[in-house]
Structure formats: structure tokens, C-alpha cells
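Here are some exercises to work through with a protein model on your screen. Try each task yourself before reading the solution below it.

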Amino acid sequence: MIGYLTGKIISLIPSRLLIDVNGVGYIVHISLNTYEKLNTADNVISVFTYLSVKQDGLDLYGFHSQNEKDMFELLISINGIGPKLALGVLSGIQTDDLKNAIQFGDAARIKAIPGIGKKTAERLILELKDKMGLIADEVSSTFSTKAYTVKNDAVSALNMLGYSPKISEKIIKQIIDEKPAITLEDLIKSALIQLNK
């Protein structure tokens, strides 16, 4: 089993990476979040990998962090969720945000991920809620219910104003990381300033 690769980027697109490891080229399927976090300035990167073995071939999936890989493995453990759908889920939401949505039973947030319907969102919560302790927080601080609600309310407000959920979520996460005690009103104002730069 291939669990980790370090090598030179040959090509990188939002869904796939071709990496040269000592003269051997590996095609690795990646999430949009991993694509955004890979540092192409160095041209040498490292990814955690999961090897999917099927009758018609082998597929390699890559992740920027062990947490994202762990979440992927939990997702594919659910009946009816294959590697491609799991990668789609991880492309539509940050690992920590998915973890929090599952822990707090936020089916609406999970349902907002492209390709996920109401029944699948509810099944994710039902089957994975007790397993979220296996996924470490990527940010060291633990998320309180209040902080989660403030973050969600801010993302919802920006969505109603026409901003992309993915971009809104990313900016709000950055602001909360810098100012954990920020109020909802100040959070939305700060996000709007950044979104309109």
C-alpha cells in the first residue's frame, strides 16, 4: 500500500496531480482543498495517499493532511459512498468544517455540498457522529457551539448577499482563526471588506 509520496510536480490541475517520485510518475486524484494547499513554488510536494483497489484497476487519492485522509477513509466506509463522491465532498467543504457539521448535526450545511442530498447528509451524521473523535482538529483550538453558530450565520449571510459559499467560508475561517472572540456583526463586516478588495 502506498501511504505517502514526496516528489516533483509534473502537472497539477484542480482534480489531479502527476508527481514524479524518483523517475516514476504517479497520477493522484486530489480534492479542491488539497489543490489549493499544495505549494507549487517549491515544485516539490508531499501528499498522504490512499490506494483504491478495484476490479478494473488501481486509483491513487492524495491529501494535503493526515486529517483529510482520515476523513476520506471514514466517508468511504459508509455504504453507497465511493472514493469519487468522498473526494467531491472534501472538495466542497474544509475537513474541520465537515467534522463540525457532523458533530453538531448540521444536515443543511452538509446538504449544501454539491452531490449530497438530504438523505445522504442525514446518513453521514448518523453513521459518523460517534467517529469524529478520530479526526484531530487542524486548528488546535476546539470549536464551541457558539463559535460554530457564529461562523455558520456569517457564511449564510454572505451567501444571501450572493457570495460563493466556498470563498465565504475560507475568508470567515481565516478571520476567526485570527480573532476567535469576534462578534457576528464584526465578522460579517471584516469578511465583506476582504471580499470586496
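**Exercise 1. Find the contacts of Leu58, then decide how open its position is.**

Solution. Start with the contacts: leaving out residues up to four places away in sequence, Leu58 touches Leu51, Ser52 and Val53. Next, place the residue: Leu58 belongs to strand S5. Now the surface: the model you are viewing is a predicted one, and in it Leu58 has a relative accessible area of 58%. The cut-off for exposed is over 50%, so Leu58 counts as exposed. As a last step, pick a distant partner: Lys118 is 60 residues away along the chain, and the C-alpha atoms of Leu58 and Lys118 are 31 Å apart.

**Exercise 2. Describe the protein as a whole.**

Solution. First, count the elements: the protein has nine helices and five strands. Second, read their order from the N terminus: β-β-β-α-β-β-α-α-α-α-α-α-α-α. Third, check the dimensions: the C-alpha trace spans about 55 × 40 × 30 Å along its principal axes. Fourth, compare with a simple rule: a compact globule of 197 residues would have a radius of gyration near 16 Å, and the 18 Å of this protein agrees with that. Fifth, look at the surface: about 10500 Å² is accessible, and carbon and sulfur atoms account for 54% of it. Of the 197 residues, 42% count as buried. Finally, the charges: there are 22 positive and 22 negative side chains, with the centres of the two sets 4 Å apart.

**Exercise 3. Is Asn22 buried or exposed, and what is the sign of its phi?**

Solution. Begin with the location: Asn22 sits in the loop between strand S2 (16–21) and strand S3 (24–30). Its relative accessible area is 79%, so Asn22 is exposed. Then turn to the backbone: phi of Asn22 is near 50 degrees, which is positive although the residue is not glycine. Keep the general pattern in mind: most residues other than glycine have a negative phi. For a glycine to set beside this one, go to Gly105, just after H4, where phi is positive at about 65 degrees.

**Exercise 4. Work out the surroundings of Asn33.**

Solution. Asn33 lies in helix H1 (residues 32–37). With a relative accessible area of 2%, Asn33 is buried. Now list its partners beyond four places in sequence: Asn33 is in contact with His64, Glu68, Leu90, Ser91, Ile93, Gln94 and Lys166. Two of these names, Leu90 and Ser91, will come back in the next exercise.

**Exercise 5. Which residues of H3 are buried, and what do they pack against?**

Solution. The buried residues of H3 are Ala86, Leu87, Val89, Leu90 and Ser91. They pack against S3, H1, S5, H2, H4 and helix H8 (165–178). Also in helix H3 is Gly88, which is partly exposed, with a relative accessible area of 30%. Gly88 and Gly115 are 27 residues apart along the chain, yet their C-alpha atoms are separated by 7.5 Å.

**Exercise 6. Explore the largest nonpolar core.**

Solution. This core has 27 residues, and the members that touch the most others are Phe72, Leu75, Leu98, Ile110 and Leu128. Strand S5 (57–63), helix H2 (66–76), helix H3 (83–92), H4 and helix H6 (118–128) each supply at least two residues. The biggest contribution comes from H2, with five residues. Zoom in on Leu75: apart from neighbours within four places in sequence, Leu75 is in contact with Ile81, Ala86, Val89, Leu90, Leu98, Leu124 and Leu128.

**Exercise 7. Why can H4 be called largely enclosed?**

Solution. List the buried residues of H4: Thr95, Asp96, Asp97, Leu98, Lys99, Asn100, Ala101 and Ile102. That makes eight of the nine residues of H4 (residues 95–103), so the rest of the structure largely encloses this helix.

**Exercise 8. Characterise Arg123.**

Solution. Arg123 is found in helix H6. At 27% relative accessibility, Arg123 is partly exposed. Its contacts beyond four places in sequence are Ile78, Asn79, Gly80 and Ile81. Finally, measured against the chain start, Arg123 is 122 residues from Met1 in sequence and 29 Å away in space, C-alpha to C-alpha.

Definitions and conventions:
Residues are numbered from 1 along each chain as its sequence is written. This is a predicted model: local features need pLDDT of at least 70, side-chain atom pairs count only at pLDDT 80 or more; totals for chains, interfaces and linings use all residues. Side-chain values use heavy atoms; hydrogens and water are left out. Buried means under 20% relative accessible area, exposed over 50%, partly exposed in between (1.4 Å probe, protein chains only). Helices (H or I, at least four residues) and strands (E, at least two) are DSSP runs, numbered from the N terminus. A nonpolar core is a set of buried Ala, Val, Leu, Ile, Met, Phe, Trp, Tyr and Cys residues joined through side-chain atoms within 4.5 Å. Contact means heavy atoms within 4.5 Å. The radius of gyration is taken over C-alpha atoms; the globule rule is 2.2 Å times the number of residues to the power 0.38. Accessible areas come from the Shrake-Rupley method with a 1.4 Å probe; for residues, only the protein chains shown count as cover. Lys and Arg count as positive and Asp and Glu as negative; His and the chain ends are not counted. The place of a charge is taken as NZ of Lys, CZ of Arg, CG of Asp or CD of Glu.
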